[in-house]
Amino acid sequence: MEFLKTAINAQRKARGEEELKIPEMLKRVRTAADELDMSMDMLKRPLNVGFSGGEKKRAEILQMKLLEPKLCVLDETDSGLDIDALKIVADGVNALRSPDRAVLVITHYQRLLDYIVPDTVHVLYRGQVIKSGDKDLALELEKNGYAGVIDAAA
């Protein structure tokens, strides 16, 4: 919890906003934790110590909800998640969607994109974007793999 307090107020200070007082901060943390099906007991533990994969991902989404960044980068967020945790994380990410925030989701699997529908899909190969499209591109990749896209770009 101390980590969250420090991070939230550092972020607010950087944006020129007033620091949150403890009661207001606790209210925001409780609300965000409830939305992610996280117990307050979990937040009393040191950050990520003894957390399962799903708990770590929920903690990351909680931090994003509370820090309100302009850019979120989620690198293989679906890794190691069971279906229930995947849905909770996806709901949290979807709740963060905003015209004022960019969310970059890096994944190799369509499964996550069934819950977080992308606006744009990019295929990155050897450090370059070789193809871009809408959600249908992700479905094509799931069906046919990456080989055809890579061959076409070569």
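The legends below describe close-up views of a predicted model.

**View 1. Overall layout of the predicted chain.**
The chain has 154 residues, of which 34% count as buried. It holds 8 helices and 4 strands. Read from the N terminus, the order of the elements is α-α-α-α-β-α-β-α-β-β-α-α. Along the principal axes, the C-alpha atoms fill a box of roughly 55 × 35 × 25 Å. Among contacts with a separation of 6 or more, 54% come from residues 24 or more positions apart.

**View 2. The largest nonpolar core.**
This core has 31 residues, and the members that touch the most others are Ile8, Met38, Leu62 and Leu66. At least two core residues come from each of helix 1 (2–14), helix 2 (22–35), helix 3 (40–44), helix 4 (53–67), strand 1 (71–75) and helix 5 (83–96). With 7 residues, helix 5 gives the most to the core. A further core of 7 residues lies apart from this one, and Val121, Val123, Ala138 and Leu141 are among its members.

**View 3. Surroundings of Leu62.**
Leu62 is one of the residues that touch the most other members of the largest nonpolar core. When neighbours within four places in sequence are left aside, the contacts of Leu62 are Leu4, Val29, Ala32, Ala33, Leu36, Met38 and Leu43. Of these partners, Met38 is also listed with Leu62 among the core residues that touch the most other members.

**View 4. Gln63, a buried residue of helix 4.**
Gln63 belongs to helix 4. Its relative accessibility is 17%, and because the limit for a buried residue is under 20%, Gln63 counts as buried. Residues up to four places away in sequence not counted, Gln63 touches Phe3, Leu4 and Leu47. Leu4 is also in contact with Leu62.

**View 5. Packing of helix 4 against helix 5.**
The axes of helix 4 and helix 5 come within 10 Å and cross at roughly 10°. Angles under 35 degrees count as roughly parallel, so the two helices, helix 4 and helix 5, are described in that way. On the helix 4 side, the contact is made by Gly54, Lys57, Arg58, Ile61, Met64 and Lys65. On the helix 5 side, the residues are Ala85, Ile88, Val89, Gly92, Val93, Ala95 and Leu96. Sorted by class, the contact comprises 8 nonpolar, 2 polar and 3 charged residues.

**View 6. Ile83 and its distance to Gly54.**
Ile83 is found in helix 5. Its relative accessibility is 39%, so Ile83 counts as partly exposed. In sequence, Ile83 and Gly54 are 29 residues apart, and their C-alpha atoms are 9.8 Å apart in space. Gly54 is one of the helix 4 residues that make the contact with helix 5.

**View 7. Thr6 and its distance to Ile88.**
Thr6 is part of helix 1. The relative accessibility of Thr6 is 49%, and this residue therefore counts as partly exposed. Thr6 and Ile88 are separated by 82 residues in sequence and by 25 Å in space, C-alpha to C-alpha. Ile88 is one of the helix 5 residues in contact with helix 4.

**View 8. The loop residue Glu68.**
Glu68 is placed in the loop between helix 4 and strand 1. Its phi is near 50°, which is a positive value in a residue other than glycine. The relative accessible area of Glu68 is 36%, so this residue is partly exposed.

**View 9. The hairpin of strand 3 and strand 4.**
Strand 3 (residues 121–125) and strand 4 (residues 128–133) run antiparallel and are joined by 5 bridges. Val121 stands opposite Gly133 of strand 4. Val121 is also a member of the core of 7 residues, as is Val123. The two strands form a hairpin with 2 residues between them.

**View 10. Arg126 in the hairpin turn.**
Arg126 lies in the loop between strand 3 and strand 4. The phi of Arg126 is near 50°, a positive value although the residue is not glycine. Exposed residues have over 50% relative accessible area, and Arg126, with 74%, is therefore exposed.

Conventions
Residues are numbered from 1 along each chain as its sequence is written. This is a predicted model: local features need pLDDT of at least 70, side-chain atom pairs count only at pLDDT 80 or more; totals for chains, interfaces and linings use all residues. Side-chain values use heavy atoms; hydrogens and water are left out. A nonpolar core is a set of buried Ala, Val, Leu, Ile, Met, Phe, Trp, Tyr and Cys residues joined through side-chain atoms within 4.5 Å. Buried means under 20% relative accessible area, exposed over 50%, partly exposed in between (1.4 Å probe, protein chains only). Contact means heavy atoms within 4.5 Å. Axes are lines fitted to C-alpha atoms, for helices over the stretch in contact, and angles run from 0 to 180 degrees between N-to-C directions. Angles under 35 degrees count as roughly parallel, over 145 as roughly antiparallel, 65 to 115 as roughly perpendicular and the rest as oblique. Ala, Val, Leu, Ile, Met, Phe, Trp, Tyr, Cys and Pro count as nonpolar, Asp, Glu, Lys and Arg as charged, and the others, Gly among them, as polar. Two strands pair if DSSP finds at least two bridges between them.
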